[in-house]
Amino acid sequence: MKKLDSLCLYCGSSSGTNPVYKTAAHDFGKTLAELNIRLVYGGGSVGLMGVAADACMAAGGDVVGVIPQLLMDKEVGHRGITQMHVVANMHERKALMTELSDGFIALPGGYGTLDELFEALTWLQLGYHQKPVGLLNVDGFFYHLVSFVDHSRD
């Protein structure tokens with residue numbers, strides 16, 4: 001497998017109730033910086049997204065955000081990252097994040113995280129890209145999802 005130059009992170013704009021999620025997001029961002037892998041993410045300054053971006057930046061990493069104008073207007077856009085792309089809508093966001101990334105990984109999150117994850121998986125299945133897609137199953141967060149996907153496959 002070729003080395004990943006950039007990795008797209010899907011995760012929550014909230015930190016959730018389990019403190020281990022924040023720790024995982026922090027460690028993930030820091031590790032990307034240490035491995036010289038650019039973080040591509042949803043551009044938020046809040047929640048797990050903000051934690052991962054802050055950790056990557058603090059460790060000297062390169063962070064690229066992609067955020068819809070509506071969310072930027074709500075002042076959730078991160079002002080301290082390497083590069084920010086402001087796009088018109090969520091469709092453009094996901095397309096640009098896919099274009100900018102060599103692979104995808106999801107940490108805990110909600111509907112938006114699942115939407116992004118399943119679109120990346122669908123595009124892989126349909127042959128729109130051949131990039132790896134994975135889950136960081138922090139504290140068993142995705143166990144039920146994986147069970148559901150197995151059930152759907154069967």
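In the predicted model, helix α1 lies across three strands, β1, β2 and β5 (104-106). The direction of α1 makes an angle of about 170 degrees with that of β1. Helix α4, formed by residues 90-100, also packs on the sheet, where it touches β1, β2, β3, β4 and β5. Relative to β3, α4 runs at about 160 degrees.

The sheet itself is open and consists of six strands, arranged in the order β4-β3-β2-β1-β5-β6 with parallel pairing. Strands β4 (83-87) and β6 (133-135) are located at the edges; each has a single partner strand, so one side of each is left without a neighbour in the sheet. From one strand to the next, the twist averages 20 degrees. Strands of a sheet pair through backbone hydrogen bonds, in either a parallel or an antiparallel manner. Between β2 and β3 (residues 63-68), the parallel pairing extends over three bridges. Within β3, Val 64 is the residue that stands opposite Val 40.

The largest nonpolar core comprises 24 residues, and Leu 9, Phe 28, Leu 39 and Tyr 41 have the most contacts inside it. At least two residues of this core come from each of β1 (6-10), α1 (19-34), β2 (38-41) and α2 (47-58). Leaving aside residues up to four places away in sequence, Leu 39 touches Leu 7, Leu 9, Phe 28, Leu 32, Ala 52, Ala 53, Cys 56, Asp 62, Val 63 and Val 64. Another core, of 14 residues, lies apart from the largest one and includes Val 40, Val 64, Val 87 and Leu 145.

Methods: Residues numbered from 1 in each chain as written. Predicted model: local features only at pLDDT ≥ 70, side-chain atom pairs only at ≥ 80, totals over all residues. Heavy atoms only, no water. Core = buried A, V, L, I, M, F, W, Y, C linked by side-chain atoms within 4.5 Å. Buried < 20%, exposed > 50% of the residue type's maximum accessible area, 1.4 Å probe, protein only. Helix = DSSP H or I, 4+ residues; strand = E, 2+ residues; numbered from the N terminus. Contact = heavy atoms within 4.5 Å. Pairing = 2+ DSSP bridges. Axes fitted to C-alpha atoms, helices over the stretch in contact; angles between N-to-C directions.
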